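Here are a few friendly notes to help you find your way around this entry. Have the viewer open and follow the points in order.

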Amino acid sequence: MSTIKLQNIKKTYEDGTTVIENLNLDIKDKEFIILVGPSGCGKSTTLRMIAGLEEITDGDLYIGDRRVNDVTPKDRDIAMVFQSYALYPHMTVYKNMAFGLRNRKVPKDEIDRKVKEAAKMLDIERYLNRKPRALSGGQRQRVALGRAMVREPSVFLLDEPLSNLDAKLRTEMRGRISMLHRKLQTTFVYVTHDQTEAMTMADRIVVLKDGKVMQFDTPTELYNHPQNMFVAGFIGSPQMNFLNVKIEVIKNKYAAVSDSFKIWLPERMYDSLSLYRNKEVILGIRPDDLHAESFYIDRTSSDKIKIHIDIAEMTGSDYFLYGTAGTQKITAKVPSTHTVSDDTDCDITVDIDKIHIFDKISEKLICD
Amino acid sequence: MNSDKRIKNGITFVFLLFWSTVFLFPIYLVILNSFKSKFNIVGSPFKFPDKDTFVGIENYVNGIRMSDLIPSFLRTLIITVGSVLVIVFFTSMAAWFIVRVKSKFTKTIYYLFLFSMIVPFQMVMFTMVYICTKLGLNSVLGIIPVYLGFGSGMSVFLFAGFIRGLPLEIEEAAMIDGCGPIRTFFTVVFPMLKPTAITVAILNAMWIWNDFLLPYLLLGTQNKTLSVAIQIATQGAYGSIDWGGFMAMLVLAIIPIVIFYLFCQKYIIKGVIDGAVKG
């Protein structure tokens, strides 16, 4: 069993900088967990603490039922794939993959079988006699994965393994890693700053900011029900629009009002918003949930926002409209079948089923 | 190539040719005169040997016979090889420890190593000879640890500089792959240090092979090394010195170190290229 439990984990460096304060995570067996967050949020430090490469200042770390705070990396039954691949430059691909097994005194024929099996799975059989410097970035990455795989560890740790690859290769490797997880049936802990990687691969995602967990949930939940403005802004591209609005009650109906638009809010929000009457809040709406097609515009007249398009960016299937609604910046995503151009006005409709209301001070979700 | 560049290259070429000549001329003279009879050396040292002055390998035979050249050669070989091996082995480990374990202690040790490069040999010469003699280090094998002391400053400096550029992740990968510090060093770190190890080996081999003062003071004329043997050959009344044999001894003394340098040079270039190409 390879569950991972982080209990009140704290990390303070010698110079007194605290990068992680009271981190609690419960990772289930065979789960694919992705730690995501901006640079310096502590995601790599967390992974390195799980690996045993970084000391834990305070708290308890369990792998399975064993407390491993003071266990050396080699005895934690983990394997790690590094951002820079960290292959041994003087060894051939075969020796790189066999190194860990040889250190553990695994019989030669078993090493040979395991290495060849892994090489076949990762499509690197042809390169077994080459040195790492004779391989491309993608091939090196697969060797690094192979080196981790042959050990059959109970936990796989991956530290931004795709960040040195080009976009096309990254997409391909994403698929490979997901497939690998399904085949190996072990716990994966993966660190990235790329939210697309996180959304496409993870069973659950840990969003970190300044060493604190902002939300730990499935990709769908993170996208549809972010618990705070940080998560709402971090997940999704282009990022969610945050509009300053005031909650007003007009004829027993709640509305989000700004200087240039008024949006009638759905009844499900009334209870949560009762404390926010005549107060300023943040209305969050994803660019995908703003519609410019006539079908939506005609459907309702009340949730319309008139925006001035500064730039209309064509991406192929869609247009990204970057504009302003009154004094506020707003981004919308509309199908490219729609005719839009720079420096024009356009009506867009808000999908009120997809709006999120955040507290302006605490930035926490009030309702969605 | 435009004319400006051509002129620039021409000037560089002439400049380098001039300095190469300045440095190579004494060696040329030594080799030239090692094939001439001893009476023709002093009279016309710059003249190319002709059928009257050419003596074949006679000078070499005399030179070898003259002052126990073969035992001296073997002593120098043992001292140089032993010292270089010991220096490379210990200083690479020391440098790795200094770079990877960051503390005030390692920092102090590092600065002590650097300091040892600045202190001139003459300053410590007499006290060191006294202590070494007391400790019984005035023997062919005993001098090796003394060379370790004198060679470690520069070697630690070179190794530490290289190790700083090595990604720590490779060593961490080795730790996860089941290596302790010692195995990590010997199976992962040391092979990566090969280009620097060869550079350190060449630089140390050259000065230890050619060193005169330390073996002269510690080993004396009993256990004389090559340079001491050559120096002894120059002693004697005017006219009694066999300059031909002396020249031949000089040639014989520099051949091994030149061969060693030429042999290792390709590894240095290979090492530099390995480091320069990404990955």
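1. Let us begin where the two chains meet. In this predicted model, 15 residues of chain B are in contact with 19 residues of chain A. On the chain A side, two elements each supply at least two of the touching residues: β6 (78-81) and α2 (93-103). Sorted by class, that side of chain A has 12 nonpolar, 4 polar and 3 charged residues.

2. Stay with α2(A) for a moment. Is this helix mostly covered or hardly covered? Mostly covered: 8 of the 11 residues of α2(A) are buried. To find them, look for A:V93 and A:Y94, then A:N96, A:M97, A:A98, A:F99, A:G100 and A:L101. The cover over these buried residues includes two helices of chain A, α3 (108-121) and α4 (137-150).

3. One backbone detail is worth a click. Just after α2(A), A:K105 takes a positive phi of about 60°.

4. Now zoom out on chain A. Its domain assignment gives domain 1, covering 4-227, and domain 2, covering 241-367. Taken over C-alpha atoms, the centres of these two domains of chain A are separated by 40 Å.

5. Chain B is next. How many helices and strands does chain B have? There are 13 helices and 0 strands in chain B, so labelled by the DSSP runs. The C-alpha atoms of chain B fill a box of roughly 75 × 70 × 30 Å along the principal axes. Of its 279 residues, 30% count as buried. Among contacts in chain B between residues at least 6 apart in sequence, 75% join residues at least 24 apart.

6. Helix α1 of chain B (residues 3-33) deserves its own look. Its 31 residues, at 1.5 Å a residue, should span 45 Å, and because the end C-alpha atoms are 43 Å apart, the two values agree. Along the way, α1(B) bends by about 40° at B:L24. A proline, B:P26, follows within four residues of that bend.

7. Finally, set two helices side by side. α1(B) is hardly covered, with a count of 1 buried residue among its 31. In α2(A), by contrast, 8 of 11 residues are buried. Colouring these two helices by burial is a pleasant way to finish a first tour.

Terms used:
Residues numbered from 1 in each chain as written. Chains lettered and ligands numbered in written order. Predicted model: local features only at pLDDT ≥ 70, side-chain atom pairs only at ≥ 80, totals over all residues. Buried ≥ 20, exposed ≤ 12 C-beta atoms within 10 Å, placed from the backbone. Contact = placed C-beta atoms within 7 Å. Expected span 1.5 Å × (residues − 1). Bend = angle between axes of the 7 residues up to and from the residue. Nonpolar A, V, L, I, M, F, W, Y, C, P; charged D, E, K, R; others polar. Domains from an automatic or database assignment.
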